[in-house]
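Dear colleague,

I am passing on a structure that you have not worked with before, and below it you will find an account of what was found. Please read the two side by side.

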Amino acid sequence: AGAELNASLMQSLREGRDLLSHPVSLRDLRGKMLSCQLNFFPLRDDNKVVGGVAILRAAPGGSTAGVS
């Protein structure tokens with residue numbers, strides 16, 4: 001799951017495209033799995049991608065059903 005997310009982020013950076021509502025799971029300090037969505041937006045300078053902004057949002061209800 002982590003490798004898939006990493007690959008998606010790297011592809012987004014290479015292609016300079018947004019990654020919207022990508023499902024992810026996080027483990028909190030108590031070990032509970034939390035369902036989230038990730039939005040990623042590449043930052044450009046003169047048509048060159050120089051970084052990005054990631055917004056992580058907890059999914060409603062926090063269920064991890066169907067998310068990895």
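**What the model contains**

The chain has one helix and three strands, and from the N terminus on these elements follow one another in the order α-β-β-β. Please keep in mind throughout that this is a predicted model, and that the values quoted here are computed from it.

**The sheet and the helix**

The three strands form an open sheet in the order S1-S2-S3, with antiparallel pairing. Strand S1 (19-27) and strand S3 (48-58) stand at the edges and have a single partner strand each, so one side of each is left without a neighbour in the sheet. On average, and with direction ignored, neighbouring strands of this sheet are turned by 35° against each other.

The antiparallel pairing of S1 with strand S2, which covers residues 33-45, runs over seven bridges. Two positions may help you to find this pairing in the view: Leu19 has Phe40 in S2 as its bridge partner, while the bridge partner of Arg27 in S2 is Met33. Between S2 and S3 the pairing is again in the antiparallel sense and runs over 10 bridges, and here Asn39 stands opposite Ile55 in S3.

Helix H1, made up of residues 2-15, lies across S1, S2 and S3, and its direction is at about 150° to that of S1.

**The two hairpins**

The hairpin of S1 and S2 has five residues between the strands, and in this hairpin Gly31 takes a positive phi near 95°. In the hairpin of S2 and S3, which has two residues between the strands, a positive phi near 50° is found at Asp46.

The loop between S1 and S2 deserves a second look, since Asp28 lies in it. Is Asp28 buried or exposed? With a relative accessible area of 17%, Asp28 falls under the 20% limit and therefore counts as buried. A polar atom of the Asp28 side chain lies 2.9 Å from the backbone nitrogen of Lys32, and the side chain of Asp28 also meets that of Arg30 in a salt bridge, with 2.9 Å from N to O. Arg30, in contrast to its buried partner Asp28, has a relative accessibility of 73% and so counts as exposed, the limit for that class being over 50%.

**The other salt bridge**

How many salt bridges does the structure hold? There are two salt bridges in the structure, and besides the one between Arg30 and Asp28 there is a salt bridge of Arg17 with Glu15, in which the closest N and O atoms are 2.8 Å apart. Arg17 is partly exposed, with a relative accessible area of 29%, and Glu15 likewise counts as partly exposed, at 48% relative accessibility.

**The chain as a whole**

Of the 68 residues of the chain, 22% count as buried. The chain exposes about 4,800 Å², and carbon and sulfur atoms supply 54% of this area. If one takes the contacts in the chain between residues at least 6 apart in sequence, 34% of them join residues that are at least 24 apart.

When you open the model, a convenient order would be to begin with the sheet, S1-S2-S3, then to turn to helix H1, which lies across these strands, and to finish with Asp28 in the loop between S1 and S2.

With best wishes

Methods. Residues numbered from 1 in each chain as written. Predicted model: local features only at pLDDT ≥ 70, side-chain atom pairs only at ≥ 80, totals over all residues. Heavy atoms only, no water. Pairing = 2+ DSSP bridges. Helix = DSSP H or I, 4+ residues; strand = E, 2+ residues; numbered from the N terminus. Axes fitted to C-alpha atoms, helices over the stretch in contact; angles between N-to-C directions. Contact = heavy atoms within 4.5 Å. Buried < 20%, exposed > 50% of the residue type's maximum accessible area, 1.4 Å probe, protein only. Areas by Shrake-Rupley, 256 points an atom, 1.4 Å probe, with all protein chains shown as cover. Polar contact = N/O pair within 3.5 Å; in protein donor to acceptor, adjacent residues only side chain to side chain. Salt bridge = Lys/Arg side-chain N within 4 Å of Asp/Glu carboxyl O.
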